[in-house]
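Here's a quick tour of the open and enclosed spaces in this protein, with a look at the packing around them. Have the model up on your screen as you read.

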Amino acid sequence: MDVARVRWGIVATGNISTQFTSDLGLTTGAVATAVASRSQDSADRFAKEFGIEHAYDDYRRLIDSGHVDVIYIGTPHPQHYAIARAALQAGIGVLVEKPVALTGKQARDLVAVAEQHNALFAEAMWMRTNPVIQALFKDVADGVIGEPQQVVADFAFHKPFLPARLLDPALGGGSLMDGGIYPMTFAYMALGRPAEVKAVGSLNEDGIDLNVAMAWRYDSGAVAALTCGLKSQNPWVASISGPDGNLQLPHRFHHPDHYVRTTAAGTERIDVPTHGRGYHYEATAVMQTLLAGRIEVPALPHAATLEILDLLDATRAQLGVRYPGDDDDLSG
């Protein structure tokens with residue numbers, strides 16, 4: 001691997017892969033050298049759009065090509081595990097879209113394989129690498145609002161015609177996996193893993209979660225109230241409150257351009273310079289880690305990935321949401 005250049009392979013050619021690859025153009029030292037899709041035509045079109053030299057109709061061919069140092073996986077959720085595992089076994093770094101797998105058990109296996117083969121492994125939770133989010137959590141760490149006591153976050157949306165994958169159990173459908181992981185991650189970043197999780201929700205006839213409300217309790221006395229869904233246009237906002245004030249994130253809190261700080265000194269809008277769509281921040285973090293010869297990205301820690309999957313497992317179990325191939329024990 002050339003220390004001045006990291007070769008990226010892109011697995012899947014849908015919207016999320018398109019946005020990520022576009023942002024790679026803003027990332028110093030990054031070059032997309034290969035792409036894989038289910039069809040050669042789709043791979044060829046994507047390669048032409050982004051000037052990618054190698055295009056394949058199968059992810060295995062990309063992994064075996066010798067043309068990549070790290071791959072980005074933007075497939076539907078159920079395909080993450082097998083593709084990530086194959087790449088890690090080949091010693092290739094992996095950045096895989098959230099959630100990295102369907103269960104905590106699968107996620108733990110991926111971390112173990114990464115360690116066994118000394119291959120970088122990270123979940124593409126881009127919110128964690130956003131400069132605004134990082135600035136907000138520096139305020140939290142600095143005690144600006146005192147010890148956090150309450151977290152509120154929502155991520156619900158509605159479209160007249162939802163993408164088929166969101167309503168298909170075989171594709172890991174439902175609001176939790178697609179949107180709920182954002183408020184869950186935000187609360188986890190603020191308060192850590194809760195001592196108790198309670199969840200209620202409504203499912204459709206196929207067992208897909210359409211509306212979910214979660215309450216998290218902590219031994220410290222803190223609580224979190226989180227919602228996600230596919231039936232309402234919610235504000236997509238989040239906040240952390242403590243005895244000395246609160247920090248608020250506006251609409252689309254998972255990739256904001258500012259936050260609002262309210263303390264005894266008053267209310268202040270905090271603008272943090274950002275550019276691009278935001279995916280290049282996680283790409284840069286991955287590349288820095290890869291070039292340093294490490295397998296865990298500091299901003300995207302394995303422990304957080306695993307514990308969020310555990311929380312997703314526990315929440316699905318309470319709601320009765322199951323996917324084909326689920327173990328009897330959803331706790332992972």
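Sort the lining of the largest pocket by class and you get 16 nonpolar, 12 polar and 10 charged residues. Keep in mind that this is a predicted model.

**The largest pocket**

This pocket has a volume of about 1200 Å³. If you want to find its centre, look for Asn15, Ile16, Gly74, Arg165 and Asp178, the closest to that point among the 38 lining residues. Which helix gives the most to the lining of the largest pocket? That's α4, with four residues. Helix α4 spans 77-89, and along with α1 (15-24) and α7 it supplies at least two residues of this lining.

**The other spaces**

Next comes the second largest pocket, at about 160 Å³. Its lining is made of 13 residues, and the ones nearest its centre are Gly91, Asn118, Ala119, Leu120 and Leu290.

There are also two cavities of 30 Å³ or more in the structure. The largest cavity holds about 50 Å³ of space. Around this cavity you'll find Glu123, Met125, Arg128, Thr185, Leu300, Pro301, Ala304, Thr305 and Ile308. Helix α9 (residues 302-319) provides the largest share of that lining, with three residues.

Here's how the linings split by class:

| Space | Nonpolar | Polar | Charged |
|---|---|---|---|
| Largest pocket | 16 residues | 12 residues | 10 residues |
| Second largest pocket | seven residues | four residues | two residues |
| Largest cavity | five residues | two residues | two residues |

**The nonpolar core**

Now for the packing. The largest nonpolar core has 109 residues, and Trp8, Ile71, Phe186 and Trp216 are the ones with the most contacts inside it. Helix α7 (residues 175-191) contributes the largest share of this core, 10 residues. You've met α7 already: this helix also supplies at least two residues of the lining of the largest pocket.

**A β-α-β unit**

One more bit to pick out on screen is a right-handed β-α-β unit, built from β5, helix α5 (residues 104-117) and β6. How do its two strands pair, and over how many bridges? Strand β5 (residues 93-97) and strand β6 (residues 121-124) run in the parallel sense, with four bridges between them. To line the two strands up by eye, start from Leu95, which sits opposite Ala122 in β6. Strand β6 covers residues 121-124, and Glu123 is one of the residues lining the largest cavity.

Note on methods:
Residues are numbered from 1 along each chain as its sequence is written. This is a predicted model: local features need pLDDT of at least 70, side-chain atom pairs count only at pLDDT 80 or more; totals for chains, interfaces and linings use all residues. Side-chain values use heavy atoms; hydrogens and water are left out. Two strands pair if DSSP finds at least two bridges between them. A crossover is right-handed if, with the strands pointing away from the viewer, the path from the first strand over the helix to the second runs clockwise. A nonpolar core is a set of buried Ala, Val, Leu, Ile, Met, Phe, Trp, Tyr and Cys residues joined through side-chain atoms within 4.5 Å. Buried means under 20% relative accessible area, exposed over 50%, partly exposed in between (1.4 Å probe, protein chains only). On a 1 Å grid over the protein atoms alone, a cavity is a set of points where a 1.4 Å probe fits but cannot get out, and a pocket is an open set with protein on both sides within 12 Å along at least five of seven lines; lining residues have an atom within 4 Å of a point. Grid points are joined across faces, edges and corners, and a volume is the space filled by probe spheres set on the points. Ala, Val, Leu, Ile, Met, Phe, Trp, Tyr, Cys and Pro count as nonpolar, Asp, Glu, Lys and Arg as charged, and the others, Gly among them, as polar.
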